[in-house]
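Student: Could we go through this structure together, beginning with the surroundings of the ligand?

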Amino acid sequence: MAGPQWDVRLYAEAGSTNELAAADPARHRVVVADHQQAGRGRLDRAWVTPPGAALTLSAVFDPVVDTAWWPVIPLVAGYAVARVLGADATLKWPNDVLIAERKVCGILVERVNSRPPMVVIGIGINVDQTEDELPVPSATSLVLEGRGVDRTELFGQVVSSLRICLGRFAAHPGTFLNQYRGRSSTLDRDVRVELPGDVTVEGRVSDFDAYGRLLLETADGLLTLSAGDVVHLRPAR
Ligand code: BT5
């Protein structure tokens with residue numbers, strides 16, 4: 001199936017690929033850096049990768065879905081990466097990709113208020129890092145999980161998967177969460193959720209709604225959460 005013509009901008013070094021993509025957004029543009037020196041996570045956190053060992057890219061899309069569905073786009077991006085990484089890649093809500101419960105990929109989706117509005121989908125995948133090169137113990141890399149992959153091939157697979165998954169999502173936005181549930185490592189788990197504003201809640205994740213919100217059963221009743229950092233409290237069953 002022929003895809004669109006991608007406008008790929010490859011940098012040997014860049015600060016943040018998301019920043020570069022957002023500064024000059026154009027449909028089907030992909031910014032990729034061999035070394036990202038100031039990678040960004042959510043909430044001003046850092047995404048840290050050594051030169052030449054990770055895949056760090058940002059792809060620009062103009063999603064043709066009603067704005068009510070935009071909060072689901074980060075989940076779609078995580079799902080698109082997970083299906084490339086294999087059957088054992090799971091999703092920690094909202095969109096971290098895990099292998100064996102450790103984070104192999106982080107995603108940062110940002111909206112650009114251009115005309116039409118676009119999204120920058122930033123994806124960082126740990127590919128060749130050794131244990132020493134990972135910034136936190138909760139991280140892993142593909143090579144540490146026993147799968148060496150070629151970064152260029154992975155790049156092609158991830159960009160194509162993003163396009164396919166966003167296309168399907170745009171066609172049937174209300175059914176995406178059915179697929180997402182099957183990849184979730186957070187569903188049915190006991191979790192602690194750190195909410196914006198230093199509030200923490202604990203409970204069991206009973207489901208996600210069609211808009212990607214997490215439904216948490218707590219001692220005080222059911223909460224519907226649209227943002228937060230999840231900590232899985234017990235091993236997966
Ligand atoms: C994320 O944030 O997981 C989003 C990361 C997005 C990175 C991509 S790379 C291409 C594009 N350009 C950018 O500038 N960003 C995007 P968050 O959920 O806030 O997680 C950040 C936290 O993950 C940090 O505070 C660390 O604890 C941890 N971390 C940092 N680097 C990591 C790595 N390489 N692997 C795993 N965990 C990491």
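Student: How many charged residues does the shell around the ligand have?

Tutor: This is a predicted model, in which local features need pLDDT of at least 70 and side-chain atom pairs count only at pLDDT 80 or more, while totals for chains, interfaces and linings use all residues. Residues are numbered from 1 along each chain as its sequence is written, and side-chain values use heavy atoms, with hydrogens and water left out. Asp, Glu, Lys and Arg count as charged, Ala, Val, Leu, Ile, Met, Phe, Trp, Tyr, Cys and Pro as nonpolar, and the others, Gly among them, as polar. Beside 10 nonpolar and 13 polar residues, the number of charged residues in the shell is 4.

Student: How many residues surround the ligand?

Tutor: A residue is counted as near if one of its heavy atoms lies within 4 Å of the molecule. The closest are Ser-16, Gln-36, Arg-40, Arg-45 and Lys-103, and the number of surrounding residues is 27.

Student: Which backbone lies 3.0 Å from a nitrogen atom of the ligand?

Tutor: A polar contact is a pair of N or O atoms within 3.5 Å; within protein, one must be able to donate a hydrogen and the other to accept it, and residues adjacent in sequence count only if both atoms are side-chain atoms. A polar side-chain atom of Ser-16 lies 2.7 Å from a ligand oxygen, and a side-chain N or O atom of Arg-45 is likewise 2.7 Å from an oxygen atom of the ligand. The backbone N or O atom at 3.0 Å from a ligand nitrogen belongs to Val-48.
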